[in-house]
Amino acid sequence: MDRYALFEAYPGLAARLPRLPLGSWPTPLVAAPKLAAAAGLPFALYVKRDDLSSAVYGGNKVRKLELLLAPKAGGRRLVVTAGGLGSNHVVATAALASRVGLRTRGLLFCQPVTAQVRRNLLAAVALGADLRWVKDYPGVVAGYLAAIGEGLVADGRPPYVLMPGGSNARSSVGYLNAVLELAGQLREAGQPDPAAIFLPGGTGGTAAGVLAGVALAGLDTVVVAVRVVSANLLPEPKIRDLAAATLRLLARREPEIGRQLAKTGTLGRLAKPGAGGLFALEGGHVGEAYGFATSEGRAAVDLAWATEGLKLETTYTGKALAALLANAGGLAGGAGPARPVVFLNTFSSVDPAGVAVGTEPAELVARVPEPLRWCFDRPRRDCRCALAGQSRPFCEAVRSRDGWEWG
């Protein structure tokens, strides 16, 4: 199914905003009564199942890549992007960019090595990605520059470069569309606007798109982005500014949206802290640092699976659900009936390349590039990246327990 709510609302946009159909829209919006009951939630809980966005590889990256790959793919041979060792974005790009004839190079920086991280590494290898170990953020920059130089020398043009997470105004349109979907689905279910939409915040593109969608649709809803990176990497203005840029991009292509924004003063509202009551950035669930699991996140992952059969993970979605559960009392509202709350599941429920968590075929492990093999089989592991300074207590504990060495 490919019903694009944004184009249904503004038909002229379909010809002015290139999109490569990669997913199945709308994704389901389902009630989660067992999870709500087990957690003692005083409101109806709905889950937006973006984990089912594609049969190839689901999750939140599909909506972004539809818009990123459509206008840029022609004539390119390689797309270069970056993420942590277990990056969902790198795997999604490898799985979907081949649809337009692009090979994928993934620049990988440090994060704790878990079973899910190893699964994503093997999936990226199985999907043919060229994985490069760059250790840290400065290494990412160097990796991009090297890829651009190689492309200019070999082909006379650079590769298609995607920033980590693929977050920009164009890609955030995908999540503006998601809000229009879920608003219609709630109306069909006889439900009012949700009191809140909870989602993880990494690079901020998904959160910005959701905020832009809530603002454009005029919903009485607070978007709660649960930060999973350090505060300096995801300040609140970054998300509000990107939401505004997303709306301005659409306004340039659809005059009706421009008139609507001018009439409602939406861009001015997004310029204010908290977007005039539409946005909150929850920073209390990061844990030690990016990629480091928290006990609350693990408990949320286990509860979602035990009650509703929902697959989550501890880096993004587990922390977002943990924040929702921790804030349940404040979401109940006043004396009237509590409005529903929506949890956006941005994790893929599809095993990419058929590699399930905990399954590590020897033939795939053997294809992992040597600089990354330590994730699987080196008896002593070198922890030399610049991220170590942000998470010294964790790294020192791992060193004493698992034999890592500091550089």
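Here is a walk through this structure, from its sheet to a few individual side chains. Keep in mind that the model is predicted.

Let's start with the sheet. Strands of a sheet pair through backbone hydrogen bonds, either parallel or antiparallel. Here 6 strands make an open sheet, and reading across you meet them in the order β1-β2-β10-β7-β8-β9, with mixed pairing. At the edges you find β1 (29-31) and β9, and each has a single partner strand, so one side of each has no neighbour in the sheet. From one strand to the next, the twist averages 25 degrees.

For a look at one pairing inside that sheet, take strand β7 (residues 196-201) and strand β10 (residues 341-344), which run in the parallel sense and pair over 3 bridges. Put your cursor on Ala196 and you'll see Val341 of β10 standing opposite. Now bring in helix α8 (residues 169-188), which packs on the sheet and touches β1, β2 (45-48), β7 and β10. The direction of α8 makes about 140 degrees with that of β2.

Next stop is Ala82, which you'll find in strand β3 (residues 78-84). Is Ala82 buried or exposed? With a relative accessible area of 0%, Ala82 is buried, because the cut-off for buried is under 20%. Leaving aside neighbours within four places in sequence, the contacts of Ala82 are Ser87, His89, Val90, Leu107, Val140, Tyr144, Leu162, Pro164 and Gly165. As for Lys48, its C-alpha atom is 26 Å from that of Ala82, and the two residues are 34 apart along the chain.

Gln116 makes a nice follow-up. Gln116 sits in helix α6 (residues 115-126) and is buried too, at a relative accessible area of 18%. Setting aside neighbours within four places in sequence, Gln116 touches Asn88, Phe347 and Val357.

What about the cysteines? The structure holds 0 disulfides. Cys375, for one, is in no disulfide, and the nearest cysteine sulfur, that of Cys110, is 8.1 Å away. That rules out a bond between Cys375 and Cys110, because a disulfide needs the sulfur atoms within 2.5 Å. Both of these cysteines count as buried: Cys110 has 10% relative accessibility, and Cys375 has 2%.

On to the aromatic rings. A pair of aromatic rings is described by the distance of the centres and the angle of the planes. The whole structure has 4 aromatic pairs. One of them is Tyr4 with Phe7, a tilted pair at 4.8 Å centre to centre and 50 degrees between the planes. Tyr4 is buried at 5% relative accessibility, and Phe7 is buried at 14%. Another is Tyr290 with Tyr316: the ring centres are 5.9 Å apart and the planes meet at 70 degrees, so this pair is edge-to-face. Tyr290 belongs to the loop between β9 (279-282) and α13 (295-308), while Tyr316 belongs to the loop between α13 and α14 (317-326), so the pair ties together parts that are 26 residues apart in sequence. Tyr290 is buried, with a relative accessible area of 14%, whereas Tyr316 is partly exposed at 23%.

Finally, two rings have an arginine over them. The charged end of Arg19 sits over the ring of Tyr4, 4.0 Å from its centre. Over the face of Tyr175 you'll find Arg63, at 5.3 Å from the ring centre.

Notes:
Residues are numbered from 1 along each chain as its sequence is written. This is a predicted model: local features need pLDDT of at least 70, side-chain atom pairs count only at pLDDT 80 or more; totals for chains, interfaces and linings use all residues. Side-chain values use heavy atoms; hydrogens and water are left out. Helices (H or I, at least four residues) and strands (E, at least two) are DSSP runs, numbered from the N terminus. Buried means under 20% relative accessible area, exposed over 50%, partly exposed in between (1.4 Å probe, protein chains only). Contact means heavy atoms within 4.5 Å. Rings of Phe, Tyr and Trp (its six-membered ring) pair if their centres lie within 6.5 Å; planes under 30 degrees apart count as stacked, over 60 as edge-to-face and the rest as tilted. A charge sits over a ring if NZ of Lys or CZ of Arg is within 6 Å of the ring centre and within 35 degrees of the ring normal. Two strands pair if DSSP finds at least two bridges between them. Axes are lines fitted to C-alpha atoms, for helices over the stretch in contact, and angles run from 0 to 180 degrees between N-to-C directions.
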